[in-house]
Amino acid sequence: MTRGLNKVMIIGHLGRDPEMRYTPSGRPVTTFTVATSRSWNTADGERHTETEWFNVVAWSNLAEICKQYLAKDRLVYVEGRLQTRSYEDKDGKKVYTTEVVAEDVILLGGRGADAGVLLTDRRLAGSDTLATSMALAAAVIGLTIMIVGGRAVLAGRMTTGGLVLFTIY
């Protein structure tokens, strides 16, 4: 049987502060928007810019972590999958929406201890691409990865000179 692939990777700025709520069963869910922009020149030299907005949803522990660390205008890398769902609006009309269901979020472009923090709700597994994502993120932001008791620990130096450790739970 052939497997499909549903993977999204975006880098952009948060358009608003994350909003967290709880499902009726008590499961946390956080939503936020990410804007990505691209620019190009036309044949006559005119500069154009186009911005694409993505609705992002994070669940469970990742939802709580995103609510704690993310804020409007923050530059982030989001990795996840596309999901389309439907609901009925207040007039009873069926509305479809497509969103990115986040699996990993990396804070980019910040200063201090939060720069380059990998936010995730996944455990390491042999067939999982989390280790690859972490290795790429660590290389980009200059962190070291250690595996301690089946969990990944990212270690590096803060701009203030202190040591910072991030454990992936």
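What share of the 169 residues of the chain counts as buried? The share is 34%, where buried means under 20% relative accessible area, exposed over 50%, and partly exposed in between, with a 1.4 Å probe and protein chains only.

This is a predicted model, in which local features need pLDDT of at least 70 and side-chain atom pairs count only at pLDDT 80 or more, while totals for chains, interfaces and linings use all residues. Residues are numbered from 1 along each chain as its sequence is written, and side-chain values use heavy atoms, with hydrogens and water left out.

**Figure 1. Overview of the chain.** The chain holds two helices and ten strands, in the order β-β-β-β-α-β-β-β-α-β-β-β from the N terminus. Helices (H or I, at least four residues) and strands (E, at least two) are DSSP runs, numbered from the N terminus. Of the contacts with a separation of 6 or more, 50% come from residues 24 or more positions apart; a contact means heavy atoms within 4.5 Å. The exposed area of the chain is about 10,600 Å², with 51% supplied by carbon and sulfur atoms. Accessible areas come from the Shrake-Rupley method with a 1.4 Å probe, and for residues only the protein chains shown count as cover.

**Figure 2. Surroundings of threonine 30 in strand β3.** Strand β3 spans residues 28-41 and includes threonine 30. With a relative accessible area of 0%, threonine 30 is buried. Its side chain reaches the backbone oxygen of alanine 63 at 2.7 Å. Outside the neighbours within four places in sequence, the residues in contact with threonine 30 include Pro18, Glu19 and Met20. Val56, Val57 and Ala58 are also among the contacts of threonine 30, as are Ala63, Glu64, Cys66 and Lys67.

**Figure 3. Threonine 33 and threonine 36.** Threonine 33 lies in strand β3, and so does threonine 36. The relative accessible area of threonine 33 is 11%, so this residue is buried. Threonine 36 also counts as buried, at 18% relative accessibility. Not counting residues up to four places away in sequence, threonine 33 touches His13, Leu14, Gly15, Arg16, Trp53, Phe54 and Asn55. With the same exclusion, the residues touched by threonine 36 are Ile10, Ile11, Gly12, Glu50, Thr51, Glu52 and Phe54. Between threonine 36 and leucine 14 the C-alpha to C-alpha distance is 9.3 Å, at a sequence separation of 22 residues.

**Figure 4. Arginine 38 with glutamate 50 and tryptophan 40.** Arginine 38 and glutamate 50 form a salt bridge in which the closest N and O atoms are 3.1 Å apart. The pair links distant parts of the chain, with glutamate 50 in strand β4 (residues 47-59) and arginine 38 in strand β3, twelve residues apart. A salt bridge is a side-chain nitrogen of Lys or Arg within 4 Å of a carboxyl oxygen of Asp or Glu, and the structure holds four of them. Glutamate 50 is partly exposed at 37% relative accessibility, and arginine 38 is partly exposed at 46%. The charged end of arginine 38 also sits over the ring of tryptophan 40, 4.3 Å from the ring centre. This assignment requires NZ of Lys or CZ of Arg within 6 Å of the ring centre and within 35 degrees of the ring normal.

**Figure 5. Two further salt bridges.** Arginine 85 and glutamate 99 meet through their side chains, at 2.8 Å from N to O. Arginine 85 lies in strand β5 (residues 75-88) and glutamate 99 in strand β6 (residues 94-108), so the salt bridge ties together parts 14 residues apart in sequence. Arginine 85 is partly exposed at 38% relative accessibility, whereas glutamate 99 is buried at 8%. In the bridge between glutamate 19 and arginine 16, the closest N and O atoms are 3.6 Å apart. Glutamate 19 is partly exposed, with a relative accessible area of 47%, and arginine 16 is partly exposed, with 26%.

**Figure 6. Positive phi at serine 60 and aspartate 73.** Most residues other than glycine have a negative phi. Serine 60, which is not a glycine, has a positive phi of about 55 degrees. This serine 60 lies in helix α1 (residues 60-69) and is partly exposed, with a relative accessible area of 21%. Aspartate 73 also has a positive phi, near 75 degrees. The loop between α1 and β5 contains aspartate 73, which counts as exposed at 54% relative accessibility.

Note on methods:
Polar contact = N/O pair within 3.5 Å; in protein donor to acceptor, adjacent residues only side chain to side chain.
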